[in-house]
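Hi there,

Here is the structure I promised to pass on to you. Have it open while you read, and follow along at your own pace.

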Amino acid sequence: MMASVLPLRRGVPMVGLCFVAMVVAIVVAPLIGSTPISLGRVFDANRAFADNIDAQIFFITRLPRAVAAALVGGALAAAGVVFQGLLRNPLATPYTLGVSAGAALGAMLAISFGAALPVVGVASASLAGALLAVFIVYMLANARHRGISTTVLLLAGVTLNAFFSALILFVQYLSDFAETYRALRWLMGDLDVPSYEPILAALPFIAVSFVAFAWLARPLNLLSLGGDAASTRGVPVARAQRVAFFSASLTTGAAVSVGGPIGFVGIIVPHLVRLLVGADHRLVLPASTFFGAAFLVACDALARTVIAPLELPVGIVTALIGGPFFLWLLLRRR
Amino acid sequence: MTPLLAAENVGFAYDAATVLEDVSLDVVAGARLGILGPNGSGKTTLLRLLSGALRPTRGRVRLDGTDLASVSSAALARRVAVVPQETELAFDYSVLEIVLMGRYPHLGPFEIEGPDDLAAALAALESTGTRALADRAFRTLSGGEKQRVVIASALAQLDEAPRTRLRQGFGGQAPHAAHRTSHRLLLLDEPTASLDLKYQLEIAAVLRRLHDDRGISILLSTHDLHFVRAICTDVVLLSRGRVLAHGAIGDVLTPRLVADLYDIDARDAAPLLQ
């Protein structure tokens with residue numbers, strides 16, 4: 001009988017498959033583009049890097065973008081899983097609690113008033129905005145309780161989203177056309193990173209958060225039974241909730257600072273992955289990370305090529321693919 | 001003998017509203033104790049205090065004589081397991097996964113369940129007659145099946161055997177008699193409140209068997225006179241947050257006290273006790 005095998009072990013091959021999908025996506029996506037290049041020539045040992053145009057296109061132009069897509073996609077998908085587990089709500093997204101609105105406000109301010117403060121880049125401004133939003137939501141949810149109240153957390157997040165959106169519109173109203181256009185493009189999500197630098201800047205935040213995710217996987221399973229049930233099984237509920245909130249928010253803020261508020265990855269990928277591996281967060285978290293990375297790399301490759309030489313913002317592609325797919329998923333499960 | 005779990009003059013208030021006042025009770029090893037009271041008498045709050053999910057605002061709860069405030073949550077979880085009235089899942093876990101979650105307090109932060117944990121989970125499913133449901137999605141079960149699976153999860157949580165034997169073997173220390181299953185406690189909060197008669201009888205049978213075969217102590221809250229008589233030997237009557245009476249079922253469940261408890265006429269209470 002199947003029950004004699006630990007359910008966790010049954011999901012491991014699928015996690016491996018998601019990992020392979022990610023690696024394949026990262027290697028193949030840079031080969032696609034206006035100038036065709038071949039993997040054989042990229043890794044041709046007989047040619048110096050300075051003379052190897054294929055290698056230069058691969059490593060300097062296209063690979064950073066694929067890596068950025070993988071990092072952002074993996075981070076958003078994993079953050080989605082953690083927020084859904086924390087809020088016990090499968091419809092939560094990385095943006096539910098106002099992180100992206102804070103990030104967007106920071107970015108808008110940097111775009112519109114950045115000339116006055118040339119030291120602050122859009123990426124760091126958006127990260128600062130995200131952290132500000134996280135801080136406000138946490139203070140609100142923590143004010144009257146010993147642990148975090150997830151209901152207050154949700155309400156505070158939704159309210160903050162609306163409030164920050166109003167501020168964003170206000171900033172845009174004060175901006176000129178060029179700034180508004182840049183701001184709008186930022187909001188659509190864009191992975192056109194010029195180098196590895198923004199990736200390296202976001203990486204420490206995401207790396208720290210993923211260590212927290214590894215610890216969180218099992219507590220999140222038990223939190224799914226409810227706070228009391230988890231605490232009587234020995235889960236430090238208040239600590240787990242705090243760690244989940246901060247790590248998922250930090251990851252989201254870092255991801256948004258690289259690629260803008262790219263939608264749908266954080267909700268579709270976890271759902272799809274749960275269909276593949278079940279509900280155990282120890283499988284869902286790594287599988288979502290890998291699958292989210294592969295998914296966003298593929299979406300970005302599509303965004304670059306579908307109306308070439310023009311480029312679609314990747315956020316439009318994820319929403320166009322994700323929206324109908326998600327509806328199909330919902331209908332299928334009823 | 002030190003009681004397994006004891007409430008000493010426990011009180012609790014949510015902001016200004018006092019829910020429990022000066023409640024004292026002992027749960028000795030091997031007990032089958034019921035907390036009987038009408039809706040709103042504070043049963044659930046009392047169980048939450050006893051399970052450590054809530055801290056009392058006055059008095060203290062002791063596990064083996066030690067204040068719960070200084071017992072680690074994992075140590076408490078290995079001795080006392082809780083079965084709530086109902087369990088709603090946020091995600092679609094299988095029955096076996098739910099039962100394996102009971103192994104949480106036995107594992108280190110990054111540790112994965114091993115064969116011992118699987119054995120404990122399967123034994124727990126066996127004891128509650130749910131072995132055949134192991135691969136089913138919890139969501140698809142009936143109310144009575146769900147409740148038996150949650151009891152199985154609590155049993156897996158209380159099952160110390162294999163790992164402890166292994167660790168104590170390394171330490172050269174013989175397993176101590178005081179840590180055998182008779183010193184483990186199942187707390188059930190109105191376990192049958194949302195179940196019909198057939199499932200109530202099933203749960204009662206499962207609980208009696210766990211007590212007799214596995215020596216697990218039982219503390220349950222209910223507003224149901226029949227259910228408490230089907231399982232318990234002793235009972236605490238809880239009324240408006242205070243203990244009305246405490247003792248053996250036969251001594252406490254008198255028409256007069258039951259009438260007081262439910263705020264009904266003593267003539268109406270008598271037939272309920274037939």
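Let's begin with helix 10 of chain A, residues 237-259, in this predicted model. At 1.5 Å a residue, its 23 residues should span 33 Å, and the end C-alpha atoms are 33 Å apart, which agrees. Of those 23 residues, 18 are buried, so helix 10 of chain A is largely enclosed by the rest of the structure. Right after this helix comes Gly260(A), which has a positive phi, near 80°.

Now over to chain B. Is strand 3 of chain B (residues 32-36) enclosed or open? Five of its five residues are buried, so this strand is largely enclosed by the rest of the structure. In a regular strand, side chains alternate between the two faces of the sheet. Here Arg32(B), Gly34(B) and Leu36(B) are buried on one side, and Leu33(B) and Ile35(B) are buried on the other.

Which strands pair with strand 3 of chain B? Strand 8 of chain B (residues 217-222) does so in the parallel sense over five bridges, with Thr222(B) as the partner of Leu36(B). Strand 9 of chain B (residues 234-239) also runs parallel to strand 3 of chain B, joined by four bridges. There, Gly34(B) stands opposite Val235(B), and Leu36(B) has Leu237(B) as its bridge partner.

These strands belong to an open, mixed sheet of six strands in chain B, in the order 6-7-8-3-9-10. Strand 6 (80-83) and strand 10 (242-248) of chain B are its edges, each pairing on one side only.

Enjoy exploring!

Key. Residues are numbered from 1 along each chain as its sequence is written. Chains are lettered from A and ligands numbered from 1 in the order in which they are written. This is a predicted model: local features need pLDDT of at least 70, side-chain atom pairs count only at pLDDT 80 or more; totals for chains, interfaces and linings use all residues. Helices (H or I, at least four residues) and strands (E, at least two) are DSSP runs, numbered from the N terminus. The expected span of a helix is 1.5 Å times one less than its number of residues. A residue is buried if 20 or more other C-beta atoms lie within 10 Å of its own, exposed if 12 or fewer, and partly exposed in between; C-beta atoms are placed from the backbone. Two strands pair if DSSP finds at least two bridges between them.
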